[in-house]
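Reader: I would like to learn how to read the contact between two chains and the relation between two copies. Could you take me through it slowly?

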There are 4 protein chains.
Amino acid sequence: MGKVEDNKKKKQNTLLKTAFDLFTSKGIQKTSISDIVNQAGVAKGTFYLYFTDKYDIRDKLVAHKSSELFRHAYQKLLTSDLTAFEDRVIFLVDHIIDELSNNKILLDFISKNLSWRIFKRSLISSATEKDNLDFTEFYQEKILGAEHAAFHNPEVMLFLIFELVGSTCKSALLYEDPITMEELKPHLYRLIRNIMENYRKDKEPESLSKTQKKQ
Amino acid sequence: MGKVEDNKKKKQNTLLKTAFDLFTSKGIQKTSISDIVNQAGVAKGTFYLYFTDKYDIRDKLVAHKSSELFRHAYQKLLTSDLTAFEDRVIFLVDHIIDELSNNKILLDFISKNLSWRIFKRSLISSATEKDNLDFTEFYQEKILGAEHAAFHNPEVMLFLIFELVGSTCKSALLYEDPITMEELKPHLYRLIRNIMENYRKDKEPESLSKTQKKQ
Amino acid sequence: MGKVEDNKKKKQNTLLKTAFDLFTSKGIQKTSISDIVNQAGVAKGTFYLYFTDKYDIRDKLVAHKSSELFRHAYQKLLTSDLTAFEDRVIFLVDHIIDELSNNKILLDFISKNLSWRIFKRSLISSATEKDNLDFTEFYQEKILGAEHAAFHNPEVMLFLIFELVGSTCKSALLYEDPITMEELKPHLYRLIRNIMENYRKDKEPESLSKTQKKQ
Amino acid sequence: MGKVEDNKKKKQNTLLKTAFDLFTSKGIQKTSISDIVNQAGVAKGTFYLYFTDKYDIRDKLVAHKSSELFRHAYQKLLTSDLTAFEDRVIFLVDHIIDELSNNKILLDFISKNLSWRIFKRSLISSATEKDNLDFTEFYQEKILGAEHAAFHNPEVMLFLIFELVGSTCKSALLYEDPITMEELKPHLYRLIRNIMENYRKDKEPESLSKTQKKQ
DNA sequence: TATGAATGAGGGTTCATTCAT
DNA sequence: CATGAATGAACCCTCATTCAT
């Protein structure tokens, strides 16, 4: 039976959990591998059986934590009866923001290490165990849903939203600068809706053409 | 006496310049104080006469470099005849993006270390030597100019623009993901204009009120 | 039962062969037991069933490889019709040098680990499977042959030749310093013949007595 | 004044001496840098101010010790009244052998690390402080002396002698195998004289031509 | 002011060896 | 017989910081 396998998995998880605790409390730079193994209660060599170095374990943590974050929101979304794409996106964003505002340690960790590239990867693995799903494919099928073909350039649109949300929330949640998260939300959600409106195919994309003429 | 002062200033500048070169070529973590003083041609002890540690010199560099970046754009703006606030903002953003796209090393360095908080500070010192000027004051006088009172919430508005530009440009310029900077520009500038439109007082702020009702 | 025995022998041989490959490509110091077992495709514990440590496997390899080297030369000698002892020795030396010059990796490995003591042992086991043969006995019977009693001090003589050949060839073959092997050969073979001449009983050993008087 | 310089030299010498003691008592492999600095009474970092690693200090030791060995012999030679080249060479060899037989630890250390290449270098620096002297130049002027042009191929000749002496003495002095050093000496010195005789220009080089015809 | 030799704690990493399976 | 996960001592090396000059 898989007793050995179980034990290995358990050890790896202990290391991941301990590393996360230390990374978020002391910072990654100031956390040494000695710190991790001491607190995890395993030998130093054991660390190297599972990870190549400190940055390997960090990357695995970021991916794991972001996936989890998105999966929670996504699972909640499945229980809702929202159908309009705009509402579904705002729902997801709102859920993620709320989870992060209850867990600023996680926010700090993720915001320092998450990029659009990693986000795309974890978006996929959050809803499926199989990694052989393409990001665009997943995004169109599971999030866009019925409105599959309703937008110009849906990836750029999502990218703009992702970057906007990520950077403004970090400032608001961690420093309340220039305003608190609760104050920011209406501004942010209005802007997100605005962005989506711009990319809707059934809208006259007047401002886009205007901008393009100017710049 | 001026000679000694000069010499001191020169040494400090050499250290700053050398540190920047090393930080951007090897990364901050992998740059040691030994590296800096060796390359700068001064003794190790001398470093500690001017800076407390590696992070002190980094912070001074970030502030200095961001100011410079903004000052270049601002000085160019002064030579232009743009008067509309929207055009002035786009002009500044565009100038900064172009300078960064010609200097990705600087972009990488700044993007890792710049926050809204630091930006506000460097925005001020970019146009004035005196640090005793309030950000809002400066912003309203020098950028908003005549349209002083034309917007609902000018700081939040600027904040949204700053964060949006910062995070999307980093991804586009450094990784060309999901699109290149040149492809991103029309999307971005349209969105910036959109944001500003939303905050104009003479516009009917319908979407804002709608959003606020929903969320 | 033969099957199990076979399997054991096969595993041991795989380990020996793999160790040799790694020792000669990476050096003994830089080869770890992990390296050996990984490349050999056996488990770490298995290594310890056959060898006590890295140096155990090295010693077994040196003896084996030297024997082999000498056996090749010796078997070739048996097919020749040389009868004069001097010619037979030169033949053996020449054959060994040629094999080593085609296999500098082997030369490097052997030269670092071979001594007169080990050479004597492998000389014996090269021609016989039984280790219970005395070196002098073997040397007199198989190499000296008919000229059994023709030399004053055959072991010292062979020792001088062995050390001379070993050290000069290493320098010539591995570093071509001060000359290449092909350039060295005439010097070397002349000197070997010279040595043997000195020890021939039917020669007037004038120089020996002269030297002894002086020193 | 050179107080600091003095101190540095002293520290380096302490490290060299301590390293030699440890290398010869425990072996190079089993000596760690920690061992050296502990015994030398300096901090670990100090080691790296003077040497790049363990092998750097070993190489410096080998060169130093070999030079010294040769210098002792050479200085003694200067006080002798020997003029014949053959006698001078035997004198040097004999002196070196005697010093090594009184210091087998040194012999073991040198024999494991000395090669013809290194010997040439240390031969030069043993008699002169200037490194800009060519080996052949030095050898001809100081050792060959008046008999400057009396030999065919003096470098090869010296090489043969060097390698012969080095390898046979190691076996004799360290293992007394196959005979003791005192027993070996007459054999060895006779052979050395023999070699030199072969390369003398005023001799009929009959054996050389004979050998060349055969091989 | 300026120097740079000296420090030594602490970093990451390796690896021979064991032993429960 | 064979395995390979786990160990943890020991390794080499770096580097921020100090301080006598």
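Author: What follows goes from the symmetry to the contact and then to the domains. This is a predicted model, in which local features need pLDDT of at least 70 and side-chain atom pairs count only at pLDDT 80 or more, while totals for chains, interfaces and linings use all residues. Residues are numbered from 1 along each chain as its sequence is written, and chains are lettered from A and ligands numbered from 1 in the order in which they are written.

Reader: By what turn and shift can chain B be laid on chain A?

Author: Two copies of a chain are related by a rotation about an axis and a shift along it. Here a turn of 180° and a shift of 0.2 Å along the axis lay chain B on chain A with an RMSD of 0.2 Å, superposed by least squares on the C-alpha atoms of residues with pLDDT of at least 70 in both. The two copies are therefore related as by a two-fold rotation axis. In chain B, the C-alpha nearest the axis belongs to Leu164(B), 2.4 Å from it.

Reader: How many residues does each chain bring to the contact?

Author: Residues are in contact if their C-beta atoms, placed from the backbone, lie within 7 Å. Chain B and chain A each bring 32 residues, and 100% of the contact residues of chain B recur in chain A.

Reader: How is chain A divided into domains?

Author: Its bounds, from an automatic or database domain assignment, give domain 1 (1–51) and domain 2 (60–204). Their centres, taken over C-alpha atoms, are 30 Å apart.

How values were computed. Two residues are in contact if their C-beta atoms, placed from the backbone, lie within 7 Å.
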